[in-house]
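Subject: Structure handover

Hello,

Here is the structure for you to look over. My notes on it come after the model.

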Amino acid sequence: MVSKHLLAGLICLFFLNGCTGFKPVYKNNLEQIDVLRNFIIITDQAPVSKKIKKELITLLPKKRGNSYILKVEGTTQSLGIVSDANRRISRYKIETQVKIKIYHRKKNVDKLIHSFNDRQIAPYSLISNNIRSTLAGRKKAEDITIQLISASIFKRILIFMTKDK
């Protein structure tokens, strides 16, 4: 009879063997990753778009050129999700949506080369008779969605730029 530990070890070895063709994005594509230094970020003046831009600036490497334009168009909204027996909403969720467009800058015209949408949701509670706590909860939820969207945008740009070349 085969022991449970040996069987578990063989199963793990089988699954890890599937990773033999794994190639990290960063290791062999340094010149494509260096392209990230050539991005300019513009927004549609919405407050959430400006916050996403600020977060993306911290993620992207220091700017060197302006070969690519990253346009960020963001919206945010609060939606009630839980109501009590009196039909009063006691829990909300904040939904942040963003439209991203990547343009390649040419001499006379900027050419759209890629676009995508992203959306993140985070919950927060309505604390009755305490507006400050409710607003602080909403701000924290919005900050979480902005961080998640920014990380997602960064990863998607990185994957697109490495596949493009």
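The notes below go from the overall make-up to single residue pairs.

Please keep in mind that this is a predicted model.

Overall make-up

The protein has five helices and four strands. Read from the N terminus, the order of its elements is α-α-α-β-α-β-β-β-α. Of its 165 residues, 27% are buried. The accessible surface is about 11,500 Å², and carbon and sulfur atoms hold 56% of that area. Among contacts with a separation of 6 or more, 65% are between residues 24 or more positions apart.

Strands S3 and S4

Strand S3 covers residues 89-105 and strand S4 covers residues 110-125; the two run antiparallel and are joined by 15 bridges. The connection between S3 and S4 is a hairpin of four residues. One of the paired positions is His-104, whose bridge partner in S4 is Lys-111.

The side chains add a link between these strands. Glu-95 and Arg-119 form a salt bridge, with 2.4 Å between the closest N and O atoms. Because Glu-95 belongs to strand S3 and Arg-119 to strand S4, this pair ties together parts that lie 24 residues apart in sequence. How do the two partners stand in terms of exposure: is Glu-95 buried or exposed? Glu-95 has a relative accessibility of 7%, so it counts as buried. Arg-119, with a relative accessible area of 47%, is partly exposed.

Glu-73 and its surroundings

Glu-73 is part of strand S2, which spans residues 68-83. Which residues does Glu-73 contact, once its neighbours within four places in sequence are set aside? They are Asp-44, Ser-49, Gln-97, Val-98, Lys-99 and Lys-101. For one of these, Val-98, the C-alpha atom is 5.5 Å from that of Glu-73, although the two residues are 25 apart along the chain.

Glu-73 also pairs with Lys-71. Their side chains make a polar contact of 3.2 Å, and the pair is a salt bridge as well, with the closest N and O atoms 3.2 Å apart. Lys-71 is partly exposed, because its relative accessibility is 24% and the buried class ends at 20%.

Salt bridges in and around helix H5

The structure holds six salt bridges; those of Glu-73 with Lys-71 and Glu-95 with Arg-119 are described above. As a general point, side chains of opposite charge can pair when their charged atoms come close.

Another of the salt bridges is between Arg-138 and Glu-142, where the closest N and O atoms are 3.2 Å apart. Why are these two separated by about one helical turn? Both lie in helix H5 (residues 131-164) and they are four residues apart there, so about one turn of the helix separates them. Arg-138 is partly exposed at 24% relative accessibility, whereas Glu-142 is buried, with a relative accessible area of 8%. The pair does not stand alone: salt bridges with shared partners join Lys-51, Arg-138 and Glu-142 into one network.

To recap the pairs, Glu-95 and Arg-119 link S3 to S4, Glu-73 of S2 pairs with Lys-71, and Arg-138 pairs with Glu-142 within H5.

Regards

Terms used: Residues numbered from 1 in each chain as written. Predicted model: local features only at pLDDT ≥ 70, side-chain atom pairs only at ≥ 80, totals over all residues. Heavy atoms only, no water. Pairing = 2+ DSSP bridges. Contact = heavy atoms within 4.5 Å. Polar contact = N/O pair within 3.5 Å; in protein donor to acceptor, adjacent residues only side chain to side chain. Salt bridge = Lys/Arg side-chain N within 4 Å of Asp/Glu carboxyl O. Buried < 20%, exposed > 50% of the residue type's maximum accessible area, 1.4 Å probe, protein only. Areas by Shrake-Rupley, 256 points an atom, 1.4 Å probe, with all protein chains shown as cover.
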